[in-house]
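Me: Could you walk me through how this protein is packed inside? I'd like to start from one strand and work outwards.

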Amino acid sequence: MPEENVRVAVRVRPFNSREKTLNSTLIIDMNGNTTQITDPSGNDEPRKFTFDFSYWSHDGCKENNGYYEPDPSKPNGKKFADQKSVYNDLGVGVLENAWGGYNSTLFAYGQTGSGKSWSMVGYGVNKGIVPMFCDNIFQQINDKKNSGDKTEFEVTFSMLEIYNEQVRDLLSKSSSRGGLKVRQHPKQGFYADGLIVVPVASYDEISKRIAEGTTNRTVASTNMNATSSRAHTIVGITFQQKFINAAGEETAKTAVVNLVDLAGSERAESTGATGDRLKEGAAINQSLSCLGNCIAALAEKSSGKNTRVPYRDSVLTKLLKNALGGNSKTIMIAALSPADVNFDETLSTLRYADRAKQIKTTASVNESATDKLIRELQEENERLKKMMESGNFEMIKQDDDDDDLTDEEKRQEKEDRESEYASMLEKNKREMEEMKKSFEQRLAERGDSDTDFNAVDAKKKTTPHLYNLNQDPQLSGRIVHFLEGENITIGSSSAEGEVNIRIVGPSIQPKHASFTVAENKWTIEPTAPHSRILHNGKAVGTKEDMVHNDRLQFGTTQFFVYCNPKERDSSKINYPDISYDDAQQEVARKSGLGMDKEAKSRDEALLQEEMVKAVPAVQQANSISEELDKKLKFEIVVVSPEGRGETKGRSIVMVKVTHLETKFEWMWPFQKLLNRMYVMQEMYDELLEGEDVKRTEEEDPFFDDMKCDFYIGSVKLWLKSMAYLIESKDQLSVCDYQGKEVGLLNYEIIPCDAKGKEYTDADDIFVEVPEELLGSKDGVHFKLKIVSARGLPMKFVDVYAKYTFFTGEKVYETKRLPATNNPDWKYEMKHDQADVSLPFLDYLKEGAIMIQIYGKQKIQKPKKHINTKDALLSSALTKGQMGAGKSKALDTDKVKYMMEAAFLRKRQERLEQKLHAMKKMLDEAEKHNKKKISTSLIKQIYNASTADAADKCIALIPQEKDDDDEDDVSPSAATVPVAVTDKKGGKKDKDSSSSSDSSDSSDSDAEKKEKKKAKKLRKKQKKAKKLRKKQKVEEKQQEKTALKNQSKLVRQNTQGKIPIVKKDEKKSSACILL
Ligand SMILES: Nc1ncnc2c1ncn2[C@@H]1O[C@H](COP(=O)(O)OP(=O)(O)O)[C@@H](O)[C@H]1O
Ligand SMILES: [Mg+2]
């Protein structure tokens, strides 16, 4: 039996409308068998992968009566892969295998919306592999039959879904809770016990069964919209050829074909991001992760390692065991999204596919004489019967270790075995009976699919009806309710005859609404006081007319489109197809959450997209909370990066959760709600089934930690003052997630030396141009003091502040102060940057420190008992509003500009003063008829930090010696000590005469004369220097006062008001504005 590798194909789809709106860039390229993916961030080199097939279905096609076919006139027309070419490569092979008696498995992998179903099942005329395979197999059977072949051909069909480790038979209307059991047969491997397997005689029959299975899937998933993408669907087709072999025995050649449409492969966001324990269990798709583990183990195995393959860890891998490591020819098709937003997911899909291609399977022909098969089954049953009678159960040999079981486990194991053997006995018996029957007999005995889909399709063309919308486009339009007669009622009531159309879901009343008709126009009207109905996104209060193509939402999960064929056919309007996304967008737009405007940027588009998902999720969470009386209210809030205490990023949707009785609040990342939603939906489902919906705190999606830290608000401290080494002491507003002021923060940023000695004004370390700091050997050091906060909300204890600096690697945190709304942290931290690089300088110039303030909420005793439903109904929720309001765009830029204006003013004053001094100097020189002034004096005048200091230097001009001899003394060669400002602004005395000292020692007379003159001048200047030092102390004092006045101005402007000082604030009046 030859070993062969799993064949792997990848396929990239076109951009969808959402990706077009986001102006997505294409990150996939294909060349022959090679697929290349480009990292949109540019961090990594493009990565190349080679597969058996790389299908380009992104562009280069044209529509021909709805069918997408290659358009050779377009640049990528030649490489475009249409449904037929994919089928020819992959499907035909599966078909050939089936004829040869080999088992085959074809599975589609990829994130939700990447095109798995497009390839497997297809849409409309763009039929996928499954229908084409079914069509072809019957065509070929008919051809054989017509050519006189005496072989008996038998085809059977089954369809199942795995959701949350439960197997649901999609051909069965009654879904038993807990689903079908997966059992292990010693010869046939794992199987779903009791799965309906129907014999089918034609393609038409198979497609009807597929429709039936898909409709059952839709009904089951309507209340759990988000779940359909988390289910795996397996279509099983068995093809058996019975013929008489050369030896005259009746022989059966059997092939099992599994067509697997896997759940969306998108990984739940990391736990770290949402910090939610519950999430792990809820969001992880055990079957899918286990499939990944099995593939990884099998890939290792194929490279010679002895690795255990964990098939038994999930239902999916049990059922696919043969496909993965046993007797099957296996093909995987990995569906890729072309857009940059999906880079991570797509790369992960490519890696997955790359690993899968290393797996080797060994398929063999399943051919045996039927007598022999029957005999084997009989023997097997004899053995089973004996074992059951004796009570001595021989363990079925397993791959894993079953040692060290406890007694209880052993007892359980024995019980399981007993029922397993009983089921196997039954299965074998059934198989023997079936084998003895002719196929015609079996066909005659099978129950017919109870829905006549053709009749429904015909009726849809003439009769007004509602059809469902589902998140999974495969499941939209599967449920149809005809509006016939004059009055149709709809609701959740199960009482006989109470409603015409029964729909179930959160917030659906027993008698929810009614439809009435007059002259072929249908109207809708609520029939219960709090019926939640949205008509084209707007709440319905009284009777409203409906028009063809109108959207209806009942409760929070049931979406329908109203179709009136006569109205449509007699109208000139070209009605668009409505998708689930369209309906969701409409609801979001009309929800009053500011979604009515077109997104201007990509960030806005991403936000809107989140909003479209958040609106139904929050509605649903609220209504399940109502149904279960969970006392929680959920609201959408849009939070800017500043609003959540971050310096970077875009505005995102968050969910504010309020406990209606205790008023306790949580802010959930939206993903946390989505993850918890799965469990909420499960609880709701249990409620419908009449089960006990109690959950432990750990497992309750409505429970959250009361001791968690709550984000109170933040303050953005621009660092610009440090780029000039100017201290900054201020009081700024603490703003919460909505940009509302919730308190004040007193802080100081003070430049210091490496040892932490704070610089004062007298040190005069102010730099005029920040670039002076670049590469300075002393580096930049400063202290950040978080002194205190004032007037924070009363409901917090253990209040603390935290922040990160520059690289963000370390989190700095103040101590936590118990019960106070005016915490005096007196926190102080020295920050050192030894190496002032360009990025660091940019950080100082343009960056900020976000000081985030957290606290714990005081736990209050509920004042009164509140019923969730009443409380939510009295809030704005019934009107379709579910937002806690839009957050005010936080104008942190204003603070930045005010701070910047203060620096600029200070700089400008300095420059003006210099200019003024220079002018005065020239006037003075002219007045005293001076032709020259010494460089050193000019420098002193130029560098004087106040006008007074400059004046005192200017006063020295009359004493300047106006000597022609000085003519050839160039400024650079001046032999006077010149005050040089070093990079940090500190002054050093430099004797630039050293250069002449080291020159030739035999000085000329002229030089001697020159030296003498210089000495005299030095003396004079020493005197002047002393005088200036005294002046400088005075200047500094003046400058300090000026600066204080300026920062006062900034404070007033940034806050727009003068804060009220509370009693205990008087003590710390240094920073409080009075
Ligand atoms: N090759 C393709 N050409 C055109 N449209 C596609 C293609 N693949 C997917 N689509 C569209 O993208 C959407 C998602 O595809 P679908 O197959 O349902 O994704 P999945 O099953 O992976 O969730 C559908 O609306 C489908 O029509
Ligand atoms: Mg799908």
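Reply: Below are a few questions and answers on burial, strand pairing and cores.

This is a predicted model, where local features need pLDDT of at least 70, side-chain atom pairs count only at pLDDT 80 or more, and totals for chains, interfaces and linings use all residues. Residues are numbered from 1 along each chain as its sequence is written, and side-chain values use heavy atoms, with hydrogens and water left out.

Me: How many of the 6 residues of strand 9 are buried?

Reply: Strands here are DSSP runs of E, at least two residues, numbered from the N terminus, and helices are runs of H or I, at least four. Buried means under 20% relative accessible area, with exposed over 50% and partly exposed in between (1.4 Å probe, protein chains only). One face of strand 9 has S104, L106 and A108 and the other T105, F107 and Y109, all buried. So strand 9 (residues 104–109) is largely enclosed by the rest of the structure, and the count is 6 of the 6.

Me: Which residue of strand 18 is the bridge partner of L106?

Reply: Strands pair if DSSP finds at least two bridges between them. Strand 9 runs parallel to strand 18 (residues 250–261), with 5 bridges. Within that pairing, L106 is partnered by L259.

Me: Which residue in strand 19 stands opposite S104?

Reply: Strand 19 (residues 329–336) is also parallel to strand 9, joined by 6 bridges. Opposite S104 stands K329.

Me: Which residues of strand 9 does M332 contact?

Reply: Contact means heavy atoms within 4.5 Å. Leaving aside neighbours within four places in sequence, the partners of M332 include V6, Y352 and A356. Those in strand 9 are F107 and Y109.

Note on methods: Chains lettered and ligands numbered in written order.
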